[in-house]
Amino acid sequence: MLKKLTVLMASFLLLAACSNDEAAQSKTEEPKKEEVAAEQKEMTEEGFITQVTESQILVNNIYFTINDKVAVESADGSKTADSQISDIRTGMKVSVDYKGPLAEKFPMEGEAGTVTILKDEESVKHTEALQAFIKEEQLSRLIMMGQPVVRDNEIGFLFSNMETGDFSEVRVDLDTHEYTIDGK
């Protein structure tokens, strides 16, 4: 009996010693420093604007900060012209050039350098189809999940309705603008 009691006490002491060491270690660890990229590369995100606020646009699943320093242009495939921030509308197909890392949250966040409104024939067709869907569904806040897929004269994409939290698959006919949500 005494032998069992001694083993039991030794076990408790060992456990207590281990847990105290871990607590002491966590207190003495240095906080992690944020990593800073030595050289920030310019990157481009092409997609659709699904939300416009006073200071941000949502393209795919990235909020880009837009301010008076952001260059806005429109491109029809053969030439590029200057545009203004006030020309930006929900549903437009755009290309956003940005530098630096994106904030690691959902949706991600970054600072736009140049926003190019794509006005070539194909992009205009895609824009009109998406704008028809947004208008018909009366969606004020949605996030496209990844890049839309265009095939067989329709555009398909996954989206999250930020108001309800629902995820859905949408397919929009590029000519008629008729659409299905989750196959219905």
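Here are four short exercises on the strands and cores of this model, each with a worked solution.

Before you start, note that this is a predicted model, in which local features need pLDDT of at least 70, side-chain atom pairs count only at pLDDT 80 or more, and totals for chains, interfaces and linings use all residues. Residues are numbered from 1 along each chain as its sequence is written, and side-chain values use heavy atoms, with hydrogens and water left out.

**Exercise 1. Find the partners of strand 1 (residues 42-52) in strand 6 and strand 2.**

Strands here are DSSP runs of E with at least two residues, numbered from the N terminus. Two strands pair if DSSP finds at least two bridges between them.

- Step 1: look at strand 6 (residues 93-99), which is antiparallel to strand 1 and joined to it by 7 bridges. Glu-42 stands opposite Lys-99 there.
- Step 2: turn to strand 2 (residues 56-59), also antiparallel to strand 1, with 3 bridges. Val-52 has Ile-57 as its bridge partner.
- Step 3: check the link. Strands 1 and 2 form a hairpin, with 3 residues between them.

**Exercise 2. Which strands stand at the edges of the sheet 8-9-10-11?**

- Step 1: write down the order. The 4 strands make an open sheet with antiparallel pairing.
- Step 2: look for strands with a single partner. Strand 8 (142-151) and strand 11 (179-181) each have one, so one side of each is left without a neighbour in the sheet.
- Step 3: inspect one edge. Strand 11 is joined to strand 10 (residues 167-173) by 3 bridges, and Arg-171 has Thr-180 as its bridge partner.

**Exercise 3. Is Thr-50 buried or exposed?**

- Step 1: locate Thr-50 in strand 1.
- Step 2: apply the cut-offs: buried is under 20% relative accessible area, exposed over 50%, and partly exposed in between (1.4 Å probe, protein chains only). At 1%, Thr-50 is buried.
- Step 3: list its contacts (heavy atoms within 4.5 Å). Not counting residues up to four places away in sequence, Thr-50 touches residues including Leu-58, Thr-90 and Leu-142.

**Exercise 4. Which residues have the most contacts inside the largest nonpolar core?**

- Step 1: a nonpolar core is a set of buried Ala, Val, Leu, Ile, Met, Phe, Trp, Tyr and Cys residues joined through side-chain atoms within 4.5 Å.
- Step 2: the largest has 17 residues, and Ile-57, Phe-64, Val-94, Val-96 and Val-115 have the most contacts inside it.
- Step 3: strand 2, strand 3 (62-65), strand 6 and strand 7 (108-118) each supply at least two of its residues.
- Step 4: a second, separate core of 14 residues includes Ala-129, Leu-142, Met-144 and Phe-159.
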